[in-house]
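Please open the model in a viewer and keep the sequence at hand. The tour below proceeds by selections, each followed by a description of what is found there.

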Amino acid sequence: MLLKLFPYLSALVIEEVERRPDKVVLRTRVRAATGSCRCGQSSARVHGRYARTLRDVAAGGLGVVIELHVRRFRCENPACPAVTFAEQIAGLTTPHSRHTPLLRGVLTQIGLALAGRAGARLAAVVGVTVGKDMLLRLVRGLPEPEVGEVEVLGVDDFAFRKGRHYGTVLIDMATHRPLHLYDGREGEDLAAWLRDHPEVRVICRDRAGGYGEGARIGAPQAEQVADRYHLWANLGQAVEKTVNAHRSRLAEPSSGPASTSDGPDAKPEVVQPPKELKVVTRLREQHAAVHELWGQRMSKAAIGRKLGLHQATVRKLVNARSADDVVAKSLQRAHVVDPYIGYLHRRWNEGVRNAAQLYREIKELGYPGGELAVQRHLRRYRTGRGHAPAPGPKPPSVRETTSWIMTHPEHLRDENADKLHRLRERDPELDRLTGHVRKFAAIMTGRHGDRLEDWITNAEQDTLTPLASFAHNLRRDFDAIRNGLSLPHSSGAVEGSINRLKMLKRQMFGRASLDLLRKRVLLTR
């Protein structure tokens with residue numbers, strides 16, 4: 001049985017087997033009378049003896065330790081530079097190693113799969129005690145695979161530390177295998193790699209300018225293909241900004257009478273719009289002041305010092321075309337009370353004005369907030385700064401409306417399709433927005449890249465500012481985007497590799513050095 005598990009035992013003489021609580025110790029010696037030097041010369045002249053301890057894979061949940069009595073021979077070949085040599089057993093020993101080749105291979109695979117601490121814990125469970133540093137050394141000592149010829153290359157970046165430190169990974173799109181991983185995302189590094197691989201014919205990448213320039217310089221013969229996923233995601237962001245600017249029009253108009261008296265000369269009640277929030281007023285004033293100073297050619301740092309604003313705030317205000325864009329983005333987040341506004345309005349109109357009672361009622365419905373938020377919401381009605389509307393359906397949120405516009409009409413639920421249809425009838429701008437999105441979707445799914453120029457022109461001429469900005473940015477990388485909307489290549493395999501890379505990085509608590517991360521990314525599948 002042991003010979004089947006450990007074939008090398010046929011070359012050994014087992015002198016003693018000792019079983020301990022956690023391991024089995026085999027005391028052995030080599031059966032052969034001679035040894036073979038690395039020069040090929042056999043020798044029987046024994047120079048000395050010593051004991052060597054080797055660890056092997058576990059058997060029956062117990063670790064296996066081999067205590068081997070090794071002989072050192074004198075080489076009888078006068079031309080050999082080695083005077084003496086130690087005998088080696090194929091499949092059991094390698095120079096200077098305390099593990100058998102089989103155990104070394106097992107530990108290497110554990111290190112690749114789980115890295116240091118987690119790998120050491122798993123090895124201990126299967127009967128092998130090993131340190132985390134040993135596992136990491138085994139992984140770092142592995143040779144990197146050959147790149148070979150690559151015709152379709154995928155390029156994307158990943159974050160070592162989001163917003164500060166990035167790296168780049170290259171993928172063979174035919175086999176979905178990572179080829180190269182390096183620090184930074186500069187175009188020069190990509191160009192240098194591409195010069196060594198002139199066989200590349202297609203490069204799938206995102207719309208980062210550095211990668212585009214590096215691909216153009218390093219592989220002028222290759223076609224660049226922009227990622228369709230990011231195109232659709234960027235279009236969705238433009239749609240959400242546009243819908244957010246029209247959020248006041250999302251609610252359906254009330255069909256009831258607006259009169260408060262029953263007389264024949266009764267006039268409709270005039271409902272004053274709520275007073276603008278202080279934060280909105282402040283944002284509008286800051287936007288005007290920043291753009292005035294920016295028009296005077298002041299730097300962003302100087303503007304921040306003059307107005308007492310953080311540099312990030314100045315940059316946000318400078319990049320915003322209008323104050324409404326900044327206001328809409330600042331007010332985009334929903335309040336914790338919003339899902340229960342319809343219930344609060346109905347109870348208010350029924351005459352229940354006690355905030356504590358209303359808080360207890362919505363608490364039973366699953367409200368996660370506190371009573372103070374409910375009091376603040378109802379305070380506007382007590383002070384006359386707002387009016388509780390009559391009970392009715394809650395208007396759709398910005399996210400819901402955006403999803404309706406971005407979803408294929410055949411995949412929309414009937415009720416959502418009806419809501420979107422009524423919304424398009426009420427708001428001509430959202431109707432045009434939906435038309436633009438569906439035309440772009442037809443171009444992308446039908447691979448009609450030849451229609452991209454006409455779509456960009458129509459979107460730029462429209463009054464929908466976020467959509468026009470998205471269309472204008474498409475011109476900066478027009479050829480790659482047109483190829484992405486025409487050719488069958490995509491960056492799906494790249495995104496999958498990035499997702500796996502993030503998992504490996506988090507497995508090492510984000511503290512792994514580049515060389516260890518590189519080995520695990522390139523050698524694990």
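Is Gly35 buried or exposed? Select Gly35 in this predicted model: with a relative accessible area of 7%, Gly35 is buried, because a residue counts as buried when that value is under 20%. Gly35 belongs to strand E3, which spans residues 35-36. Now display what surrounds Gly35. Apart from neighbours within four places in sequence, the residues in contact with Gly35 are Gln41, Ser42, Ser43, Phe73 and Phe85. Add Ile89 to the view and draw a distance between C-alpha atoms: Gly35 and Ile89 are separated by 9.6 Å, although their positions lie 54 residues apart along the chain.

**The whole chain**

Zoom out and colour by secondary structure. The chain contains 22 helices and 12 strands. Of its 525 residues, 41% are buried. Switch on the surface representation next. The accessible surface of the chain amounts to about 30300 Å², and carbon and sulfur atoms account for 51% of this surface. As for the contact pattern, consider contacts between residues at least 6 apart in sequence: 58% of them join residues at least 24 apart.

**The E1–E2 hairpin**

Select residues 12-19 and 23-30, which are strands E1 and E2. The two strands pair in the antiparallel sense over 7 bridges. They form a hairpin, with 3 residues between them. Which residue of E2 stands opposite Val17? Leu26 does. Then show the side chains of Glu16, Glu18, Arg20, Arg27 and Glu67, which are linked in a network of salt bridges.

**Salt bridges**

Side chains of opposite charge can pair when their charged atoms come close. How many salt bridges are there in this model? The count comes to 20.

Begin with helix H6, residues 209-218. Within H6, select Glu213 and Arg216, whose side chains meet in a salt bridge with an N to O distance of 2.4 Å. The two residues are 3 apart in the helix, about one turn. Glu213 is partly exposed, at a relative accessible area of 37%. Arg216 is likewise partly exposed, at 48% relative accessibility.

Move next to Arg475 and display its acidic partners. Glu453 forms a salt bridge with Arg475, and the closest N and O atoms of this pair are 3.1 Å apart. The pair links distant parts of the chain: Glu453 is in helix H18 (residues 452-461), while Arg475 is in the loop between helix H19 (465-474) and helix H20 (478-484), 22 residues apart. A salt bridge also joins Glu460 to Arg475, again with the closest N and O atoms 3.1 Å apart. Glu460 lies in helix H18 and Arg475 in the loop between H19 and H20, so this pair ties together parts that are 15 residues apart in sequence.

Colour these residues by accessibility. Arg475 is partly exposed, with a relative accessible area of 32%. Glu453 is partly exposed at 32% relative accessibility, and Glu460 is partly exposed at 28%.

**A nonpolar patch on the surface**

Restore the surface and select Leu122, Val125 and Val126. These residues form a nonpolar patch, with about 260 Å² of accessible area together. Leu122 is found in helix H3, residues 117-125. Why can Leu122 be part of such a patch? Leu122 has a relative accessible area of 37%, and patches are made of residues with over 30%, so Leu122 meets this cut-off.

**The cysteines**

Finally, select the cysteine sulfur atoms. How many disulfides does a search of the whole structure find? The search finds 0. Centre the view on Cys80: the nearest cysteine sulfur, which belongs to Cys39, is 3.8 Å away, and Cys80 is in no disulfide. This pair is not a disulfide because the sulfur atoms would have to lie within 2.5 Å. Cys80 counts as buried, at 11% relative accessibility. As a last selection, choose Cys204, which counts as buried at 1% relative accessibility.

Notes: Residues are numbered from 1 along each chain as its sequence is written. This is a predicted model: local features need pLDDT of at least 70, side-chain atom pairs count only at pLDDT 80 or more; totals for chains, interfaces and linings use all residues. Side-chain values use heavy atoms; hydrogens and water are left out. Patches are made of residues with over 30% relative accessible area and no salt bridge: like charges are joined within 9 Å, nonpolar side chains (Val, Leu, Ile, Met, Phe, Trp, Tyr) within 5 Å. Accessible areas come from the Shrake-Rupley method with a 1.4 Å probe; for residues, only the protein chains shown count as cover. A salt bridge is a side-chain nitrogen of Lys or Arg within 4 Å of a carboxyl oxygen of Asp or Glu. Helices (H or I, at least four residues) and strands (E, at least two) are DSSP runs, numbered from the N terminus. Buried means under 20% relative accessible area, exposed over 50%, partly exposed in between (1.4 Å probe, protein chains only). Two strands pair if DSSP finds at least two bridges between them. Contact means heavy atoms within 4.5 Å.
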